[in-house]
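Thanks for making time this morning. I would like to walk through one model, element by element. Please have the sequence and the coordinates open.

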Amino acid sequence: MPDSDADRTRWPEWQALADLARATPPPSLRTLFAADPGRGTRFAAAAGDLYLDYAKHLVDDRILGALFALARRAGVEARRDAMFAGEPINVTERRSVLHVALRAAPGDTFRCGDEDVVPHVHAVLDSMAAFADRVRGDAWLGHTGRPIRNIVNIGIGGSDLGPAMAYQALRASSDRRLTCRFVSNVDGVDFVEATTGMDPAETLFIVSSKTFTTLETMTNARTARAWLLAGLGATDDAPVARHFVAVSTNIEAVTAFGIDPANTFGFWDWVGGRYSVDSAIGLSLMLAIGPDGFRQFLAGFRTIDQHFRTATLEANLPVILALLGVWYGNFLGAASHAVLPYAHELGLFPAYLQQLDMESNGKRVTLAGDEVGWDTGPVVWGQPGTNGQHAFYQLLHQGTRLVPVDFIAFGRSNHPVGEHQDLLTANVLAQGEALAFGKTAAEAAAEGMPADLVPHRTFPGDRPSSTILAPQLTPATLGQLIALYEHKVFVQGAVWGVNSFDQWGVELGKTLAARIAPELAAATDPAHDSSTNELIRRYRAMRRA
């Protein structure tokens, strides 16, 4: 692989793309489509259930060829193979990166050092499945002998975003006798609202923390224990064992909390939090959709893993999406990327991708620790259509900023109602077309617009978008979508030469918060900067009022 600290902007492959970006005139989508009647089928690729249309991007064969050349110069294939081989590519934590092993089929081999981790993965999955079957079959009873009807997952970051997103996405596949809620924010309102109306006798808490020391998670877990014991009128901690399970590696701390070690589901340091929804972190999801549904979820991941591992770069969906992002972010000045699912169930998917992408590639130093001389991760944002059309699409169509877009759509609804799905799909296809081709001043005038309104009714077009189309949102399809974006992020990190698998940027604020927290109730003078000191004093006064 190339030197990670090389100045990539001096590479001939980088310079070739910079020259293409400066070309006059730049590619116009109207011109590109007119010159190539087959563009709509040529600039497309498929894997598993996912069909990717990337014809509406500001690229031609020269630009795509230069992007693939850059990927090869950056060693994307070699780094991909190193990840699948279990090499410690997370250099700052000296760890392997093996989330792909979480969805391995029995008999597959993934090694961390000299050990095949797949048997351990399946031992945990089997343990999760046995527990889920007991809860779903009313064989697991609460302290008072009643079955579980409420599941509350307590975690933060990847221990919350993944399960919460996937549960919302797969409600149509879930057991509706069970209600799943998710608590992550240390703001007490989050816990109170999540548990309002729940019967403690029918509530199971899943505490998800690898170390079982995460400040926000353990604060919420202790509040949950107090809520349970008070609600049951308990005089000791005995009910905890029937109403709490843990996803953790710290058995000693789990036991001290009152959770039976037998009801602890482990995972490994080669799994990053934002890559963990398909591990024991997904226990709440397995309880909701059942072990068979969860296995279909894992099979979806595996389909895209195999595609990413074996397809040529030119036909590789994650690689194509990643390189398009590099083109806009590094050569055309785009600072953000919108993900717009036309499926109500995917309401949390953009937020999930925010963490996946921005925590992975929001880095300013290379693998070797040198400051980068190029832009890295974009700001990722979005919400489901068609709501966004009546909010921020104005900026997408007529604003001054270039915002590449991913549309996600499905052929069939999980809840068919009249003509809703056809109307939803008509909107997503229309938005892609409108962004790409716009409306010229001549076209606006020809429609009879008054001359003074023509500038306001003109759309510049050449706003790039991908459309990802799948038959239906199922557990397998969701697994494919998540894996698609996981590997996209990986490829971009490889091109930029950064470590996509650490997250030191979240540590400083947490450390300072631990220092400030006891000061908020103290009487001594705070010892920070003048702004923070004054804010602490004012908070103390409000707290006492």
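Start with Arg-181 and its surroundings, bearing in mind that this is a predicted model. Beyond residues up to four places away in sequence, Arg-181 touches two runs of the chain that you can pick out by number: Ile-151, Val-152 and Asn-153, and then Glu-193, Ala-194, Thr-195, Thr-196 and Met-198. Arg-181 itself sits in strand 6. Is it buried, exposed or partly exposed? With a relative accessibility of 29%, Arg-181 falls in the partly exposed class, because that class lies between 20% and 50%. For a sense of distance, take Pro-147, which is 34 residues away along the chain: its C-alpha atom is 17 Å from that of Arg-181.

Now the sheet that holds this strand. Five strands make up an open sheet, ordered 6-5-7-8-9, and the pairing is parallel. Strand 6, residues 179-183, and strand 9, residues 264-265, are the edge strands, and each of them pairs on one side only. The partner of strand 6 is strand 5, residues 150-154; the two run parallel and are joined by five bridges. One pair to look at is Ile-151, whose bridge partner in strand 6 is Cys-180.

Two helices to note on this sheet. Helix 7, residues 158-169, packs on it and touches strand 5, strand 6 and strand 7, the last being residues 203-208. The direction of helix 7 makes about 150° with that of strand 6. Helix 12, residues 283-310, lies across strand 5, strand 6, strand 7, strand 8 and strand 9, and runs at about 140° to strand 7.

Next, the other sheet. What is the order of its six strands? It is 1-2-13-12-10-11, again an open sheet, but here the pairing is mixed. At the edges stand strand 1, residues 44-47, and strand 11, residues 379-381. Each has a single partner strand, so one side of each has no neighbour in the sheet. From one strand to the next, the twist averages 15°.

I will go across it from the strand 1 side. Strand 1 and strand 2, residues 50-53, run antiparallel and are joined by four bridges. Ala-44 has Asp-53 in strand 2 as its bridge partner. These two strands form a hairpin with two residues between them, and in the turn Gly-48 has a positive phi of about 55°. Strand 2 then pairs with strand 13 in the antiparallel sense, over three bridges, with Tyr-51 opposite Leu-469 in strand 13. At the other end, strand 10, residues 336-341, and strand 11 pair in the parallel sense, also through three bridges. There, Ala-338 stands opposite Trp-381 in strand 11.

This sheet has helices lying across it as well. Helix 14, residues 349-361, crosses strand 10, strand 11 and strand 12, at about 165° to strand 11. Helix 16, residues 420-437, lies across strand 12 and strand 13, at about 155° to strand 12.

One residue in a loop deserves a stop. Asp-60 is placed between strand 2 and helix 4. Its relative accessibility is 13%, so Asp-60 counts as buried. What does its side chain contact? There is a polar contact of 3.0 Å between the side chains of Asp-60 and Arg-62. In addition, a polar atom of the Asp-60 side chain lies 2.9 Å from the backbone nitrogen of Ile-63. Leaving aside neighbours within four places in sequence, Asp-60 is in contact with Leu-32 and Phe-43.

Finally, the interior. The largest nonpolar core has 124 residues, and those with the most contacts inside it are Trp-327, Leu-346, Phe-349 and Leu-478. Among the residues that Trp-327 touches, not counting those up to four places away in sequence, are Leu-17, Leu-58, Ile-63 and Leu-332. A second, separate core has 20 residues, including Val-183, Val-207, Ala-221 and Val-254.

The last element is helix 18, residues 475-496. Of its 22 residues, 21 are buried, and the helix is mostly covered. Helix 18 reaches 32 Å from first C-alpha to last, close to the 32 Å expected. Just after it comes Gly-497, which takes a positive phi of about 70°.

Definitions and conventions. Residues are numbered from 1 along each chain as its sequence is written. This is a predicted model: local features need pLDDT of at least 70, side-chain atom pairs count only at pLDDT 80 or more; totals for chains, interfaces and linings use all residues. Side-chain values use heavy atoms; hydrogens and water are left out. Two strands pair if DSSP finds at least two bridges between them. Axes are lines fitted to C-alpha atoms, for helices over the stretch in contact, and angles run from 0 to 180 degrees between N-to-C directions. Contact means heavy atoms within 4.5 Å. Buried means under 20% relative accessible area, exposed over 50%, partly exposed in between (1.4 Å probe, protein chains only). A polar contact is a pair of N or O atoms within 3.5 Å; within protein, one must be able to donate a hydrogen and the other to accept it, and residues adjacent in sequence count only if both atoms are side-chain atoms. A nonpolar core is a set of buried Ala, Val, Leu, Ile, Met, Phe, Trp, Tyr and Cys residues joined through side-chain atoms within 4.5 Å. The expected span of a helix is 1.5 Å times one less than its number of residues.
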